[in-house]
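Reader: I should like to go through this model with attention to its ligand site and its charged pairs. Please show me the sequence and the structure.

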Amino acid sequence: MSTDIQRVLFVTPECAPLAKVGGLADVVAALPKTLRRMGCDVRVVMPLYSSIARQRHGIQVDGSACIHLGGGVEHWVGVHTGRLDGDVPVWLVDFADYFARPGIYGDSGGEYRDNAFRFALLSKAALQLCKDRAFLPQVMHLHDWPAALSAVFLKTWDRIASPLSTCASVLTIHNIGYQGKYPGDAFGYFGVGQEHFNSETFEDYGQVNLLKAGVRFADAITTVSPTHLHEILSPEGGLGLAPYLTSRTQEMTGILNGVDYEHWSPEVDPLLPARYSAHDMQGKAVCKETLQRYLGLEPRPDLPLFGIISRLAPQKGIDLLARTLPAALTNLELQLAVLGNGEPEYEDFFRWLQWGHRGRAACHIGFSEELSHMIEGGADFFLMPSLYEPCGLNQIYSMRYGTLPVVRTTGGLKDTVESYDQDSGEGTGFRFDDTTDSALYNTIAWAVSTWFERPDDIQRLRRQAMARDFSWDASARQYLEVYGRAVEHRAHL
Ligand code: ADP
């Protein structure tokens with residue numbers, strides 16, 4: 001028997017276009033929109049960061065709320081409301097001490113040291129706002145460690161005699177590499193009872209681990225691709241959480257992220273200098289030349305242009321790139337356009353790379369929505385050699401833009417990119433397995449030789465990649481099924 005799901009609250013640290021660090025923001029923007037189209041009343045709660053352009057997004061003050069935390073702490077927070085693209089209502093929690101800062105998780109000085117407190121407040125506010133505003137969701141859908149505590153609060157603070165006592169929780173792990181580990185003395189702030197500070201729940205070698213607590217308390221757990229689900233159940237891929245996840249296998253599902261093609265399609269993308277489609281690719285040549293000129297690359301239509309858009313973190317295979325790109329730029333006929341920000345030594349590497357290969361390599365350090373679309377449109381290949389990749393969105397965007405992904409066979413990259421078969425001409429990109437410099441180098445060289453020696457195959461791969469459909473509908477239906485199972489799980493406790 002499947003439960004009819006009508007009301008869901010998303011709890012999240014990021015949501016595009018208001019606040020974005022990575023793919024999570026795109027998912028949390030697109031999935032509610034699709035679910036609402038399917039008739040489900042989805043709302044979103046997130047912090048009001050000072051970086052959010054309130055006026056531009058029509059965000060308005062809408063009262064306040066009193067949030068109760070451990071040790072009798074009470075915080076009065078402001079509540080702001082707005083509507084996201086697709087008409088999704090969003091509540092923004094305004095607490096200047098925690099959220100009026102330049103970054104979401106941290107700034108140039110590193111991660112904010114009080115993140116456990118900041119996101120505990122968000123997680124508790126989610127419950128309070130539902131009660132204050134009489135929106136009683138059947139499910140709270142929690143995104144990554146910053147929202148994981150809502151699962152705990154639903155089963156501790158709101159266990160009985162609460163309008164939320166039957167509300168189920170679904171925890172989505174977008175990136176298990178970030179678990180929210182903080183000094184153990186943050187625990188008192190959560191107000192959930194000392195008995196939960198044990199190694200099965202919160203405790204992780206003396207620290208609190210928020211994602212681990214969420215895994216223990218959520219009614220269902222998902223991750224963002226079927227392959228990554230298997231990976232996180234292994235000791236290596238679980239990054240310390242495999243035993244706890246394994247004990248919840250029955251309640252776990254891998255659901256591939258979708259793409260919002262209203263924002264990511266070369267036919268309609270307003271951020272491209274020219275639009276194009278699989279039937280008429282002329283605009284792609286304009287995009288390439290514009291990108292080359294914009295970034296100071298030689299305007300050479302004949303050279304294959306490789307793009308990278310990435311958080312500059314070890315997970316993304318930046319060390320592999322650092323060991324491979326200098327040789328690739330020296331030995332192979334190619335150009336490179338990079339957009340990224342993150343760890344300072346990686347940023348320095350790309351600055352140095354540009355300096356050594358002017359006209360052939362351009363590296364823009366920073367975050368730019370506009371340039372990210374220009375690279376998707378203007379590049380010929382997209383490089384994503386991730387060590388692990390829960391889903392990955394850029395390779396999926398790239399396919400739609402006819403920009404062939406060159407990826408490592410891991411997680412969602414494996415589930416979305418079909419490797420080129422030279423005999424049949426089938427495929428949508430180029431894949432390699434090993435995390436070695438030579439595997440990456442040889443795959444870049446393979447793409448380059450295909451560009452020069454088999455241009456018809458490149459056209460064919462492009463057409464095939466552009467025809468792949470990763471729209472949200474199928475994945476949203478899978479989420480509705482998971483929500484239904486979570487509600488049943490909650491009812492049987
Ligand atoms: P992750 O969430 O691990 O960072 P994904 O591939 O799932 O990786 O999603 C990354 C998202 O963030 C994409 O929408 C990508 O375009 C965007 N992105 C990453 N770095 C930048 C940047 N420096 N500027 C603009 N967009 C970026």
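Reader: How many residues surround the ligand?
Author: The structure is a predicted model, in which local features need pLDDT of at least 70, side-chain atom pairs count only at pLDDT 80 or more, and totals for chains, interfaces and linings use all residues. Residues are numbered from 1 along each chain as its sequence is written, and side-chain values use heavy atoms, with hydrogens and water left out. A residue is counted as near the ligand if one of its heavy atoms lies within 4 Å of it. The closest are Lys20, Gly23, Arg311, Lys316 and Gly366, and the number of residues that surround the ligand is 20.

Reader: How many residues of each class, nonpolar, polar and charged, does the shell have?
Author: Ala, Val, Leu, Ile, Met, Phe, Trp, Tyr, Cys and Pro count as nonpolar, Asp, Glu, Lys and Arg as charged, and the others, Gly among them, as polar. On that basis the shell around the ligand has 6 nonpolar, 10 polar and 4 charged residues.

Reader: What is the distance from an oxygen atom of the ligand to an N or O atom in the side chain of Lys316?
Author: A polar contact is a pair of N or O atoms within 3.5 Å; within protein, one must be able to donate a hydrogen and the other to accept it, and residues adjacent in sequence count only if both atoms are side-chain atoms. A backbone N or O atom of Gly366 is 2.8 Å from a nitrogen atom of the ligand, and an N or O atom in the side chain of Asn394 is 3.3 Å from a ligand oxygen. For the side chain of Lys316, the distance from an N or O atom to an oxygen atom of the ligand is 2.7 Å.

Reader: Why does the ligand lie between domain 1 and domain 2?
Author: Domain bounds come from an automatic or database domain assignment. The ligand lies between the two because its shell takes residues from both domain 1 (2-258 + 472-491) and domain 2 (282-467).

Reader: Which residue forms a salt bridge with Glu389?
Author: A salt bridge is a side-chain nitrogen of Lys or Arg within 4 Å of a carboxyl oxygen of Asp or Glu. Glu389 is buried (under 20% relative accessible area; exposed is over 50%, partly exposed in between, with a 1.4 Å probe and protein chains only), at a relative accessible area of 4%. Its partner also counts as buried, at 13% relative accessibility. The N to O distance is 3.0 Å, and the partner is Lys316.

Reader: How far apart are the closest N and O atoms of Lys155 and Asp219?
Author: Side chains of opposite charge can pair when their charged atoms come close. Lys155 is buried, with a relative accessible area of 14%, and Asp219 is buried too, with 1%. In their salt bridge, the closest N and O atoms are apart by 2.9 Å.

Reader: Is Arg351 partly exposed or buried?
Author: Arg351 forms a salt bridge with Glu347, with 3.7 Å between the closest N and O atoms. Glu347 is buried, with a relative accessible area of 16%. Arg351, at 42% relative accessibility, counts as partly exposed.

Reader: Which residue is joined to Ala16 by a cis peptide bond?
Author: Omega of this bond is about 0°. The residue joined to Ala16 is Pro17.
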